Amino acid sequence: MKEGFRQSMAWLHTWSGLLVGWVLFMVFAAGTASYFKDEITFWMKPELHAVAQNAVPPVKAVESAVAYLQQRAADSPRWFINLPNERQPSTDVLYLAPPAPAGAAAAVTGAKPGEKPRRRFDRASLDPATGEAVSAPRVTRGGEFFYRLHFDLHYMPALWARWIVGFCAMFMLVAIFSGIVTHKRIFKDFFTFRPKKGQRSWLDAHNVTAVLALPYHLMITYTGLVTLMFMYMPWGPQVAYKDRGGEQAFFSEAFPGGGRDQIKASGNRVPLAPIAPMMAQASAHWGGAAVGRVTVHQPNDANAVVSLTRAEGPQLSYDQPSMQFNGATGALIGAFGDVPKPAAETRGVLYGLHIGRFGDPLLRALFFLSGLAGCLMVATGLLMWAVKERQKFAKTLKRGGRVSFGLRLVDGLNLGAIAGLPVAMAAFFWANRLLPVDVAERGEAEIRWFFIVWGATAVLGLLRPTLRMWQAQLALGALLFAGLPVLNAFTGPAPLTVSLRTGPTSVAGFDLVVIALGLGLAGAAWIVERKRRKSIAKQAAAKTQPPPSTLATSGQGS
Amino acid sequence: MTIGVRYRLGVASRAVAAIFGGYGIAALSAAVLALCLPAAFGMARSEAAMTGTLASFAIFAFAVMWVFAARTALRAWSGLVIVAAPLAALLLLLMRTTGGAA
């Protein structure tokens with residue numbers, strides 16, 4: 001490529017990073033928020049803050065959920081019951097809509113992909129104690145929105161989105177590998193920070209945020225690809241199982257006892273056996289660990305199978321052992337995943353590392369900080385490209401000329417992505433509290449506000465990519481974030497004064513984190529202000545030919 | 001000017017080689033590992049398929065780096081072909097033998 005190996009890798013690092021940087025910034029930001037998606041969702045349902053959360057025994061929660069499902073979906077082909085835990089107080093049930101009555105039996109069993117539209121899942125959140133649908137809280141997508149956004153994007157088919165995000169993640173992996181190679185003095189650079197030195201400072205900031213959390217960046221990128229690896233790279237299983245029923249056979253062999261098994265209905269109605277004894281047996285088998293999810297295949301059929309999956313615990317792996325029971329007789333069919341297979345367990349651990357659900361709040365806070373470092377790494381990298389490129393136009397700018405279209409585009413996109421996204425995220429939370437509770441399609445309405453605000457910041461950024469605009473958007477983001485606890489105090493029962501003393505702790509945590517984020521953004525706005533003053537002073541000093549029209553293009557200097 | 005055009009064409013050609021060629025190499029190695037690990041080491045079929053898939057992303061990244069490190073675009077392409085050809089041959093062979101044995 002260029003002269004030497006290191007130079008060509010530097011080139012690769014620059015361009016692979018720039019081309020996907022804006023998407024990556026969003027993926028990083030939304031993914032970082034997702035570490036606390038349950039807490040975010042809880043904050044966004046202030047109706048639940050005042051209710052004392054008494055723990056309900058899991059057996060009781062399952063029984064009430066089964067009663068709910070028997071009423072509404074007795075002939076559904078599959079139920080999923082997610083039991084409450086300390087982060088997530090409600091029982092969440094999910095069930096496949098019962099098949100169409102015409103040729104029902106064939107429709108249940110012959111589910112060939114691509115032949116008919118995907119079957120719909122119905123979902124509900126239940127009060128674990130009563131088994132009634134929780135209707136008190138407002139409708140919101142909550143933290144789930146950020147979680148989905150970071151790999152499914154929005155307003156487009158999830159499949160395309162996952163390919164786009166996977167493509168960007170692959171670029172990121174290449175950027176990380178080539179970035180490491182580019183570094184002659186990776187260890188020394190880590191202790192180097194030369195502030196107020198223009199491009200050098202950006203480079204140092206990029207190095208510090210990248211190297212400080214390098215294991216995390218590498219881990220999160222690779223494991224992100226691993227979470228969707230069978231979609232991106234289905235060839236291994238496809239080739240190996242070509243003559244054995246294809247990928248489906250691979251999945252049931254690799255993940256036995258999981259929810260992926262296809263179980264056919266016999267057509268004979270038999271009442272579902274009670275689940276409580278199965279739970280007791282499973283819990284005893286796992287040394288007292290709780291059951292986290294109950295899957296019922298073909299409930300109320302003679303072929304019914306009940307699959308119990310262990311609750312998430314401190315184990316790294318995402319794959320949990322499971323036990324299967326005959327749903328008609330209650331007899332044990334088998335236990336799966338007690339002895340992990342090396343490669344499958346490797347994947348499970350990589351997957352588990354990505355979602356970080358094994359950790360206690362402190363560890364997840366460290367993941368959160370590393371994720372923020374990732375955002376800063378991407379942001380400083382993007383800005384550095386613009387700073388370097390701008391130097392090429394130093395003479396042109398002095399003569400009152402304009403920068404290239406490419407630089408202007410990057411400047412605008414940087415502004416909209418880096419400064420605009422926090423504004424949009426904060427706006428999402430404001431919409432959650434300010435939109436009327438009974439507005440139609442409320443969840444989607446909040447999301448619309450997120451995109452309206454983000455779109456507005458991006459358009460403004462592209463129209464006027466100036467320091468003034470950076471400052472305005474950063475300051476707006478700071479205000480909106482720091483104002484969230486105030487908003488919470490006026491629109492919910494648990495302001496900081498209450499939540500810090502008597503809980504709920506997750507609400508207090510949310511409020512404190514958004515204050516910190518607001519302060520961080522305010523600090524960034526302040527840095528921009530200093531830079532703006534300096535560049536104005538410089539222009540006044542170099543009073544050779546200052547046509548006023550250059551102010552707009554001279555923004556965002558080094 | 002012609003140097004500029006040549007340079008750009010070279011970059012475009014490398015980009016195609018990196019994205020599609022790199023994916024091809026990664027896919028081929030995933031498939032070959034899935035078949036040859038059970039044949040060579042007696043690894044379970046599902047484990048081998050999993051190992052191949054897990055490794056393929058690192059292989060992809062190294063292929064991309066090779067493409068951009070090579071001195072010329074032609075060398076980059078030929079490097080990919082030199083790796084891909086034996087992999088493809090091995091895959092065909094393995095598919096025939098394991099298909100017959102099973």
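## A walk through chains A and B

Start by selecting A:A29: setting aside neighbours within four places in sequence, this residue is in contact with A:C375 and A:L421. You're looking at a predicted model, so take every stop on this tour as part of a prediction.

**Stop 1: around A:A29**

Colour the helix that holds A:A29, and you'll have helix α1 of chain A. Is A:A29 buried or exposed? Show what surrounds A:A29 and you'll find 25 other C-beta atoms within 10 Å; 20 or more is enough to count as buried, so A:A29 is buried. Now draw a distance from A:A29 to A:R200, C-alpha to C-alpha: the two are 171 residues apart along the chain, and the line comes out at 25 Å.

**Stop 2: zoom out to chain A**

Show chain A as a cartoon. You should see 22 helices and 7 strands. Chain A has 558 residues, and 43% of them are buried. If you count contacts in chain A with a separation of 6 or more, 71% of them join residues 24 or more positions apart.

Next, give each domain of chain A its own colour:

- domain 1 covers 1-51 + 143-255 + 344-359;
- domain 2 covers 56-135 + 257-336;
- domain 3 covers 392-558.

**Stop 3: where domain 1 meets domain 3**

Keep domain 1 and domain 3 of chain A on screen. Their C-alpha centres sit 24 Å apart. How many residues of each are in contact with the other? There are 16 from domain 1 of chain A and 16 from domain 3 of chain A. On the domain 1 side, highlight α1 (5-34) and α2 (37-43) of chain A, since each supplies at least two of the residues touching domain 3 of chain A. Colour that domain 1 side by class and you'll get 11 nonpolar, 4 polar and 1 charged residues.

**Stop 4: a helix pair, α17 and α18**

Select residues 405-434 of chain A, helix α17, together with residues 442-463 of chain A, helix α18. Their axes come within 7 Å and cross at roughly 155 degrees. That angle makes α17(A) roughly antiparallel to α18(A). The crossing of α17(A) past α18(A) is right-handed.

Turn on side chains to see who takes part. From α17(A), the residues in the contact include A:G412, A:L415, A:G416 and A:L421; that last one is also one of the contacts of A:A29 from the opening stop. On the α18(A) side, look for A:W449, A:F450 and A:W454, among others. By class, the contact of α17(A) with α18(A) has 14 nonpolar, 6 polar and 1 charged residues.

**Stop 5: another helix pair, α8 and α15**

Now pick helix α8 of chain A (residues 199-212) and helix α15 of chain A (residues 361-391). The axes of these two helices come within 8 Å and cross at roughly 155 degrees. Therefore α8(A) and α15(A) are roughly antiparallel to each other. Which hand does the crossing of α8(A) and α15(A) have? It's left-handed.

Residues to label on α8(A) include A:W202, A:L203 and A:H206, and those on α15(A) include A:L376, A:M377 and A:M384. Sorted by class, the contact of α8(A) with α15(A) has 11 nonpolar, 5 polar and 1 charged residues.

**Stop 6: a loop residue, A:S317**

Jump to A:S317, in the loop between β5 (305-310) and β6 (322-326) of chain A. With 19 other C-beta atoms within 10 Å, A:S317 is partly exposed. Leaving out neighbours within four places in sequence, A:S317 is in contact with A:E345, A:G348, A:V349 and A:G352. Try a C-alpha distance to A:G356 as well: A:S317 and A:G356 are 39 residues apart along the chain, with 9.7 Å between them.

**Stop 7: bring in chain B**

Finally, show both chains. The contact takes 29 residues from chain B and 31 residues from chain A. On chain B, the elements giving two or more residues to the side touching chain A are α1 (2-41), α2 (45-69) and α3 (73-101). Which of them gives the most? That's α2(B), with 18 residues. By class, this side of chain B has 21 nonpolar, 6 polar and 2 charged residues.

Before you close the viewer, click on B:A88, in helix α3 of chain B. B:A88 counts as partly exposed, with 15 C-beta neighbours inside 10 Å. From B:A88, draw a line to B:A48, which is 40 residues away in sequence and 18 Å away in space, C-alpha to C-alpha.

Key:
Residues are numbered from 1 along each chain as its sequence is written. Chains are lettered from A and ligands numbered from 1 in the order in which they are written. This is a predicted model: local features need pLDDT of at least 70, side-chain atom pairs count only at pLDDT 80 or more; totals for chains, interfaces and linings use all residues. Two residues are in contact if their C-beta atoms, placed from the backbone, lie within 7 Å. Helices (H or I, at least four residues) and strands (E, at least two) are DSSP runs, numbered from the N terminus. Ala, Val, Leu, Ile, Met, Phe, Trp, Tyr, Cys and Pro count as nonpolar, Asp, Glu, Lys and Arg as charged, and the others, Gly among them, as polar. Axes are lines fitted to C-alpha atoms, for helices over the stretch in contact, and angles run from 0 to 180 degrees between N-to-C directions. Angles under 35 degrees count as roughly parallel, over 145 as roughly antiparallel, 65 to 115 as roughly perpendicular and the rest as oblique. A crossing is left-handed if the near helix is turned anticlockwise from the far one by less than a right angle, and right-handed if clockwise. A residue is buried if 20 or more other C-beta atoms lie within 10 Å of its own, exposed if 12 or fewer, and partly exposed in between; C-beta atoms are placed from the backbone. Domain bounds come from an automatic or database domain assignment.
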